[in-house]
Amino acid sequence: MDHADWMHHALALARQGLGRTWPNPTVGCVLVKDGRMLASARTADGGRPHAEPQALADAGAEARGATAYITLEPCAHHGHTPPCADALVAAGIKRAHVALRDPDPRTAGAGIARMQAAGIEVQTGLLARQAATVNAGFLTRIHRRRPFVTLKLATTVDGRIAMASGESRWITGPMARIYAHHLRATHDAVLIGAGTALADDPRLDIRHLGHVPPLPVRIVLSSKLALPADSHLARTARQQPLWCLCGPRAESAELAALGAEIIPVPEAVPGKLNLTDALEALAEKGLTRILCEGGGQLAAALLAEGLIDEIVWITAGKAIGGTGLPALGALPFARLEEAPDLEHIETRPLGSDIMSVWRPRNGLLAHMSTA
């Protein structure tokens, strides 16, 4: 195996931590010596311990003289654990390939500098773009002070999410529904608006994938906190976290008593929350990746304000027509050139449905440095 192969392995480990390590990034570390893998690890659920000390502990004394392949620059600050850069130095690592520099001001090159000062040969930039994609949530939180937001849409070929009556089960097939739960499992939280909460009384948990804790935080955005106490979300607030983003004057005592966490957010105009402030509040609480599952008004509002980082659009072979409910509400664009410019990333089948991934051409990942 060559350097890229070992880093691909480290990235595969890091991907396993998506949705499980916030507020920390998910990092993969592989230790190699004489062409043989000594140990490997990823950031543990909850964000600690980090990948590097776990791999070093497994390798033991054999780590001396080894090469480390690490998806993100080892931390250089004292937090709940000592710096990972110091642990690599103390273990006698000879070389380190670091895919991506850490933009966190507490590290920001200091981890690499500390290893180099100790005589470790450090190379950066190997598979950097792939590493940036894996940790897009962490990077967005650092650079833009908000989580990375994925919008998931499941529609007919004519862009409808339900009949005029509201009937929507099931537009997409079984494989698409399983994939939707995979998306939930790889995000820290699932976000919906009050309209979806009232119309669907959703569970927003993870099914079809077996037992995959931790479950995502469920977030309802509602200026007036229009979430009934007998809704499924409210009744299960102590079993799976429920956060309610609401206006500063919303009545919240009943939901708080059921275990919901209430997060007041300023209103942009009366009755409508400031979405930028809402996402910044979620980032301050540690969230890095949020999956938005509706509804159409919330999706359109986030898209109009440039707060969507990725769209996962699942299309079913059905057509409803103009009377059906559209996937997106009205967007405030008068000219075509004002519409969001999206780059196609991927298309693949999900059973009889088609999944397409799109990202803004001016998004963070499009401009991410490769070193």
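## A cavity between two domains

The largest cavity in this predicted model has a lining that takes at least three residues from domain 1 (3–137) and at least three from domain 2 (145–366). The lining comprises 16 residues in total. Thr 21, Thr 26, Asn 135, Thr 288 and Arg 289 are the ones that lie nearest the centre of the cavity. Among the secondary structure elements, helix 6 (residues 136–144) makes the greatest contribution, giving three residues to the lining.

The space in this cavity amounts to about 90 Å³. Sorted by class, its lining holds eight polar residues, six nonpolar residues and two charged residues.

## The second cavity

How many cavities of 30 Å³ or more does a search of the whole structure find? The search finds two. The second largest has a volume of about 30 Å³.

Leu 191, Leu 221, Leu 245, Leu 275, Ala 278, Leu 279, Leu 282 and Leu 302 line this second cavity. Its eight lining residues are nonpolar, and the lining has no polar and no charged residues. Helix 11 (residues 275–284) gives the most here, with four residues. For the largest cavity, by comparison of class, the lining includes eight polar and two charged residues.

## The domain interface

The chain is divided into two domains, domain 1 covering 3–137 and domain 2 covering 145–366. A distance of 33 Å separates their C-alpha centres. Contact between the domains involves 11 residues on the domain 1 side and 18 residues on the domain 2 side.

The size of an interface is often given as the accessible area lost when the parts come together. Between domain 1 and domain 2 the buried area is about 1200 Å². Carbon and sulfur atoms give 58% of that area. What is the count of salt bridges between domain 1 and domain 2? The count is zero.

## Salt bridges

The structure has 18 salt bridges. One of them pairs the side chains of Glu 62 and Arg 36, at 2.7 Å from N to O. Glu 62 sits in the loop between helix 2 (51–59) and strand 3 (67–70), while Arg 36 belongs to strand 2 (residues 36–42), so this salt bridge ties together parts that are 26 residues apart in sequence.

## Backbone features in the loops

Which residues does a cis peptide bond with omega of about 10° join? They are Trp 22 and Pro 23. Pro 23 is placed in the loop between helix 1 (3–15) and strand 1 (28–33). A cis peptide bond also runs from Arg 48 to Pro 49, where omega is near -5°. Pro 49 lies in the loop between strand 2 and helix 2.

Asp 34 has a phi near 55°, which is a positive value in a residue other than glycine. This residue, Asp 34, is found in the loop between strand 1 and strand 2.

Notes. Residues numbered from 1 in each chain as written. Predicted model: local features only at pLDDT ≥ 70, side-chain atom pairs only at ≥ 80, totals over all residues. Heavy atoms only, no water. 1 Å grid on protein atoms, 1.4 Å probe; cavity = no way out; pocket = protein on both sides within 12 Å on 5 of 7 lines; lining within 4 Å. Points joined across faces, edges and corners; volume = space filled by probe spheres on them. Helix = DSSP H or I, 4+ residues; strand = E, 2+ residues; numbered from the N terminus. Nonpolar A, V, L, I, M, F, W, Y, C, P; charged D, E, K, R; others polar. Domains from an automatic or database assignment. Contact = heavy atoms within 4.5 Å. Buried area = accessible area lost by both parts, 1.4 Å probe. Salt bridge = Lys/Arg side-chain N within 4 Å of Asp/Glu carboxyl O.
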